[in-house]
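Student: I have just opened this model and would like a close look at a single part of it. Could you pick one chain, walk me through it slowly, and then show me what lies beside it?

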Amino acid sequence: MPATEQPEEQAEVSRRGFYAALIYGMWSAIVTALSLPAAIYLLLPPKLRKAPEWVEAGDVSQLEPRAPVEMVFRQNRVDGWKILSQKTTAWVVKLSDTGVVAFGPQCTHLGCAYHWDDSRAEFLCPCHTSIFAIDGAVVSGPAPRPLDRYDVRVENGKLLLGPLRESKGKA
Amino acid sequence: MSWLDHRTGIETAIRNFLYEEIPASSGWRQVFGSIAVFLFLVQAFTGALLAFNYAPTPGDAYNSLRYILTEVTGGHLIRGLHHWGASMLIVVVVLHMTQVFLYGAYKKPREATWILGVVLLLLTMAYGLTGYLLPWDNRAYWGTVVATQIATSVPLAGPYLSRLLGGENAVGVVTFARFYGLHVLLLPPATGLLIATHIYLVRKHGVAPAPGDELLPKKKFYPQQAFRDTAAIFAAFAILFVMAVAVRVPLERLADPTDTTVAPRPDWYFLFLFQTLKFFNGPLEVVGSVILPGLAVLALLLVPFVDRGQVVRVTRRTAAFGVAALALLGWLGLTVAAVATTPKTDNTVEIDFGAPTDWMQLSPQELAGVGYFRKENCASCHAVGAGKPRVGPDLSNVPIKKTAAWMIEHFKRPAAMVPGSSMPAIQLSNAQLNALAAFLLKLTPRNAEALSNAPDFAVEAALLYQSKNCGACHMANGVGMKIGPPLNGLARRRTKTWVAQHFANPQALSPGSIMPPYRFSSREMDWMVAYLFTLPD
């Protein structure tokens, strides 16, 4: 009796399709409910525990104009569940009578430590020969942007440093 | 045949897996094994995620777990899934075994499958035992002290076993490293291997048929049984997810080997063993700690060799039902007895160190300010940090910082300081207004949420602290006088009972003390002592 068999076969096919849809639907829900929180857990930044604080870097009252000085100071840094007090450096330059700038200690290319070359009056990076002018601007080399600067404040001749800001502008 | 299948055979393998033949009587009762495998994978996944933010050494373990709970986005959910997943896995594994036991599915030729299952049950329990220590809070520490002491009491092997677990002298860094190593390095591959062998044996012998199945045509696993497994896994996962979101997994304070007030308890699924131990004292203790549990495991292993009769309908397996019911009753009785005998004292105020605890840094005066802020209903007109804008200004974000004197004047006569203000005057004493101002001056958008999360017991205690003027003699969190001893670090110096007795009669415990006695209600005493113990060192 082929006439009765056919609807049965069709019913069997649609029943299979129904089961398949439910199976796929439920597994997608489970996989989403696991992978989405995992992505959030791994990729979103943790909550900020400490507001950035101002730290004293040193005395700037005796600073010669246009003579960069490397200042070493201790700074608290949040590292995961720890707060570390670690040594940090800044290149401090008195550009004018009123303006003191403090550059972050790393080259903006790949993070090597650069230094001030007195004879050339420029900042030199030893890794890929990036050269920066005394105001942080890129003179030559692969550095993509000027040197990063700390927020600065001078109180009673003491230099206070805030967070390090990524510099804007191009090479 | 596709290109991929030609090279890897993956499609054929999947097809063989999905179109496995199963007996006609197969149904919902066979879903537990699949749920157990799924939950094991969830444990492996969430465990790996936790390990990415976890430092497995005492001290750091606790701090990194707190970091996961309070700072990492979604950390609470991941830990919740792992914690409740462990309990759920125990439940599902036991349900799986019970089903197999009731239906007699362990009979010839499936004895090896059953034995592997028993070993997998023991491994699941081993995860529970080793994982319990890893938060390194007080509960974990003391629970493990008891567990390692039990290992020491094993005849002959005791000292070696205890040395193996690193618990020879005391629970410490070595124990921790051993437990962590077992939990994440040894147990997972062992479990994976045994699960694979277990499933291989199930496939080799086929799903156990029920009497009458031989007369009926076999079914395919896909789609109907595959749907049942999926639906059951989905339901289990939904329950797990809701628990992870809604039920807090508390984190107690850091493990403290000098704490004399804790009543160590294992996790709920070990309570029956814990209770069994209580019936045996002195030289007989080994009966409860080793011999009885050992015999129980042996009995489980021997089940397929004792019951060797023909497979009969499940409804005629009255003996199996009787044994299972007895086991359930025994387990329930022991667990209930253990729960009933857990002392409640000293635990009336529970502090969850997994929640933000910024409020612990506040001085009692500031914390009392939180209390006045809540009692005066300031939040009905003022937003604090996040929240929808209200009538009054957002207090965490006032553009110009005022002084305390200005704020107190403003509280008394709002319109005089801010012309046109519709704020009603606050009817509090000067000292109370001072506290309120001190709290408001501390507010920033960043800490507003944490400050408003200060638990009620601490706020009530701080209000009491203010009204009794404790700060006139004692210093807490850097505020107060130094006539009496500073209150920070009290938890390290004294027990809770000592402090409570000292309040009632200071001279009895500290001869020569000039502190007057304080009569607190028992609730007030609980709040006060618990609060003083939260003051950081």
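Tutor: Here is a walk through chain B, followed by its neighbour, chain A. Please keep in mind that this is a predicted model.

Let's begin with the overall build of chain B. Its secondary structure consists of 23 helices and four strands. With 537 residues, chain B has a radius of gyration of 30 Å, well over the 24 Å given by the globule rule, so the chain is more spread out than a compact globule. You can also picture this as a box: along the principal axes, the C-alpha atoms of chain B fill roughly 95 × 65 × 45 Å.

The domain assignment splits chain B into two parts. Domain 1 covers 3-254 + 261-340, and domain 2 covers 358-534. Between the C-alpha centres of these two domains of chain B there are 47 Å.

How is the inside of the chain put together? In chain B, 32% of the 537 residues are buried. Looking at contacts in chain B with a separation of 6 or more, 76% are between residues 24 or more positions apart.

Now zoom in on one helix. Helix 13 of chain B takes in residues 318-340, 23 residues in total. From its first C-alpha to its last, helix 13 of chain B reaches 32 Å, close to the 33 Å expected at 1.5 Å a residue. This helix 13 of chain B is hardly covered, with a count of one buried residue among its 23.

Next, turn to where the chains meet. Here 24 residues of chain B are in contact with 23 residues of chain A. On the chain A side of this meeting, the residues divide into 19 nonpolar, one polar and three charged.

Chain A has its own division, with domain 1 at 1-44 and domain 2 at 55-165. The centres of these two domains of chain A, taken over C-alpha atoms, are separated by 59 Å.

Chain A also holds an open sheet of four strands, in the order 5-6-7-8 and with antiparallel pairing. At its edges are strand 5 (115-117) and strand 8 (138-140) of chain A, each pairing on one side only. In general, strands of a sheet pair through backbone hydrogen bonds, either parallel or antiparallel. In chain A, strand 5 is joined by three bridges to strand 6 (residues 122-124), and the two run antiparallel. To find this pairing on screen, look for A:Asp117, which stands opposite A:Glu122 in strand 6 of chain A.

Methods
Residues numbered from 1 in each chain as written. Chains lettered and ligands numbered in written order. Predicted model: local features only at pLDDT ≥ 70, side-chain atom pairs only at ≥ 80, totals over all residues. Domains from an automatic or database assignment. Rg over C-alpha atoms; globule rule 2.2 N^0.38 Å. Buried ≥ 20, exposed ≤ 12 C-beta atoms within 10 Å, placed from the backbone. Contact = placed C-beta atoms within 7 Å. Nonpolar A, V, L, I, M, F, W, Y, C, P; charged D, E, K, R; others polar. Expected span 1.5 Å × (residues − 1). Pairing = 2+ DSSP bridges.
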